[in-house]
Amino acid sequence: MTISSILKNTSVAAVAVTAAFVSSVPAEALTLNGSIGLSGNASVPNGTNPLTTTIGFNQTQIDDSVGDFASILFPTSDPLELPVLSNLTLNRTSIINGSSANYQAVPTAGFINFGTQTIGGLTDQLTFDLSQANFTRFTAGANFVALNPTNVLQGVFKFGDETVANGFLSASLSGAGDSFQLTLSTEAVPEPLTILGSLSAVGIGAVLKNKQKIKA
Amino acid sequence: MKVTYPIVTQQFKTSPFWLLTIGSGLIAIHVTLAWRGDNLNVLGAGILFWVTVASMIWQRRYSLKLESSAIASGVGLVIISLILLRSLALPARGTFYGLMPLLSGLGVGLLASDFRGLKQYWGELTALFFIGAPELVHLFIPDISPITAKFSAFLLWYLGFEARLRNQVYIDLPGGGVEVYSGCSGIDTMTHSLGLAVLFLLMFSSTKWQKVIIPIVALGIGFTVNIFRVVLMAALVSENQMKAFDYWHKGDGSLIFSLIAVFCFGGFCYWVIQQNESKQNELQQSDLTGN
């Protein structure tokens with residue numbers, strides 16, 4: 001028996017063992033599944049119905065996490081103070097009355113940075129890109145501003161692959177205390193399925209090949 | 001005294017039998033992972049391309065040179081071992097998942113025919129690359145969502161909708177709007193169509209010009225079908241037909257688009273074959289007339 005044939009026999013055994021193992025192990029997916037709730041201090045500028053306003057966020061903490069987000073961890077000594085939320089710029093779209101107006105958020109890539117995370121055995125950078133968010137901004141007096149969502153906030157979690165998520169963000173300035181709450185839930189968005197095309201291509205290919213054989 | 005073995009036992013002792021066993025095992029692992037990972041696109045492409053590659057190998061089974069060296073077999077074994085180790089915790093999507101069919105082909109090719117003999121499998125290896133191409137293409141090609149969104153918004157405007165493109169990927173209509181995500185950019189449909197073009201070129205004879213034109217037409221069909229898909233989604237959102245939107249976006253309706261692309265490309269391939277046959281017939285007739 002030659003070395004080459006020994007190696008081939010070894011390969012056969014290895015492939016057979018792995019095939020048996022793989023058929024019994026569930027495969028992992030990179031698309032995220034679950035929800036996460038964040039809260040912290042917000043920097044909400046006062047003023048009545050400004051044309052543009054920028055909200056800052058700090059001292060963010062995770063209140064609750066479900067599914068894949070339950071395994072999110074941060075280093076004990078964390079100079080970045082993860083998770084970090086970028087400033088959010090809102091542009092006024094319409095005025096409702098003298099104390100309130102509608103605003104639209106500027107889409108923000110990397111709106112939330114969760115740092116490097118390990119989820120489902122995979123380690124990668126976890127970020128959330130904000131795509132769309134609309135708010136009603138209400139002012140009462142000099143030191144009270146409330147930002148309430150008018151519809152569902154939309155964005156994309158990036159962790160290797162992309163996972164679409166929806167949620168709600170509200171923020172307020174009340175006296176000396178500013179705060180915000182943000183909840184995000186993943187949503188399964190399928191890519192266009194090509195399986196039917198692939199299977200029909202098998203048939204079309206066979207028909208064309210047969211036709212060619214008959215003519216030959 | 002000479003010991004004789006039954007025919008079945010003799011087959012077990014031959015190299016092609018073991019190569020067939022290794023190859024079949026790797027195909028089974030790949031298809032099982034795609035199935036268990038609920039990755040239907042890879043499952044469908046896997047069935048199509050593995051069947052084609054198996055058929056191509058089978059047709060040439062008597063002309064293949066099956067002589068390998070210890071070094072090539074060792075490298076092949078290492079590649080296959082890495083595949084097996086990695087596949088024990090394989091994600092449903094990712095770079096390795098896309099590379100697995102090609103690496104499997106390389107591993108078995110090295111076990112079978114040495115480094116020099118790999119040349120005879122270039123067609124099969126190219127076809128295997130296209131099983132995982134949709135998983136790999138994102139790494140090398142920038143997101144084409146803005147281009148898809150631009151063409152879709154233009155077509156909507158041309159069809160009479162008051163479509164407005166915002167921030168490159170948002171198509172706003174009076175009754176609502178859509179965002180063209182990278183998953184909806186059409187790159188998957190285009191890669192899938194390009195894979196079909198490669199299969200066609202490998203299985204049917206073609207001229208130099210056809211070798212250039214056929215992949216371009218495949219890409220064009222994939223892109224155009226996806227544009228119509230995005231236009232339909234945007235129009236349904238604008239008309240607040242969310243049930244219809246879900247059917248065409250997530251439901252059975254979403255399967256139709258790849259079917260349309262494949263039938264369009266199949267029709268084009270049929271036309272190419274007809275053209276080649278009529279040219280061949282003309283040449284034969286002119287030869288006969290000349291004689």
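Which residues does B:Ser193 touch, not counting residues up to four places away in sequence? Select B:Ser193 and you will find B:Ala218, B:Gly222 and B:Ala261 in contact with B:Ser193, once residues up to four places away in sequence are left out, where contact means heavy atoms within 4.5 Å.

**Before going further**

This is a predicted model, in which local features need pLDDT of at least 70 and side-chain atom pairs count only at pLDDT 80 or more, while totals for chains, interfaces and linings use all residues. Residues are numbered from 1 along each chain as its sequence is written, chains are lettered from A and ligands numbered from 1 in the order in which they are written, and side-chain values use heavy atoms, with hydrogens and water left out.

Colour the model by pLDDT, which is the predictor's confidence in each residue, from 0 to 100. Chain B has an average pLDDT of 85, with 92% of its residues scoring at least 70, and chain A has an average of 79, with 78% of its residues scoring at least 70. In chain A, select residues 25–29, where the pLDDT is below 50, and where the model nevertheless shows 14 contacts beyond near neighbours in sequence. For the complex, the predictor gives an ipTM of 0.78 and a pTM of 0.70.

**Chain A**

Select chain A and follow the chain from its start: 2 helices and 12 strands are present, and the order along the sequence is α-β-β-β-β-β-β-β-β-β-β-β-β-α. Helices (H or I, at least four residues) and strands (E, at least two) are DSSP runs, numbered from the N terminus. Of the 216 residues in chain A, 40% are buried, a word that here stands for under 20% relative accessible area, with exposed for over 50% and partly exposed for values in between (1.4 Å probe, protein chains only). Among the contacts in chain A with a separation of 6 or more, 60% join residues 24 or more positions apart. The chain exposes about 10,100 Å², of which carbon and sulfur atoms supply 57%; such areas come from the Shrake-Rupley method with a 1.4 Å probe, and for residues only the protein chains shown count as cover.

Next, select A:Asn49, in the loop between strand 1 (34–43) and strand 2 (52–67) of chain A. A:Asn49 counts as buried because its relative accessible area is 9%. Its phi is near 45°, a positive value in a residue other than glycine. Most residues other than glycine have a negative phi.

Move on to A:Leu196, which is in helix 2 (residues 195–215) of chain A. With a relative accessible area of 32%, A:Leu196 is partly exposed, and, residues up to four places away in sequence not being counted, A:Leu196 touches B:Leu255, B:Ser258 and B:Leu259.

**Chain B**

Those residues lead across to chain B, which has 11 helices and 3 strands, running from the N terminus as α-α-α-α-α-α-α-β-β-β-α-α-α-α. Of its 291 residues, 49% are buried, and residues 24 or more positions apart account for 70% of the contacts with a separation of 6 or more. Its accessible surface comes to about 15,100 Å², with 66% belonging to carbon and sulfur atoms.

Return to B:Ser193, now as part of helix 8 (residues 187–203) of chain B. Is B:Ser193 buried or exposed? B:Ser193 counts as buried, because its relative accessibility is 3%.

Then select B:Phe96 in helix 5 of chain B, a residue that counts as buried at 18% relative accessibility. Add B:Glu135 to the selection: the two residues are 39 residues apart along the chain, and their C-alpha atoms are separated by 8.8 Å. In the loop between helix 5 and helix 6 of chain B, select B:Asp114, whose phi is near 65°, a positive value in a residue other than glycine.

**The second largest pocket**

Finally, show B:Pro16, B:Leu19, B:Leu20, B:Ile57 and B:Leu64, which lie nearest the centre of the second largest pocket among its 28 lining residues. The elements that give two or more residues to this lining are helix 2 (15–36), helix 3 (40–59), helix 5 (95–113) and helix 6 (122–140) of chain B. Helix 2 of chain B supplies the largest share, 8 residues.

A pocket is defined on a 1 Å grid over the protein atoms alone, as an open set of points where a 1.4 Å probe fits, with protein on both sides within 12 Å along at least five of seven lines; lining residues have an atom within 4 Å of a point.
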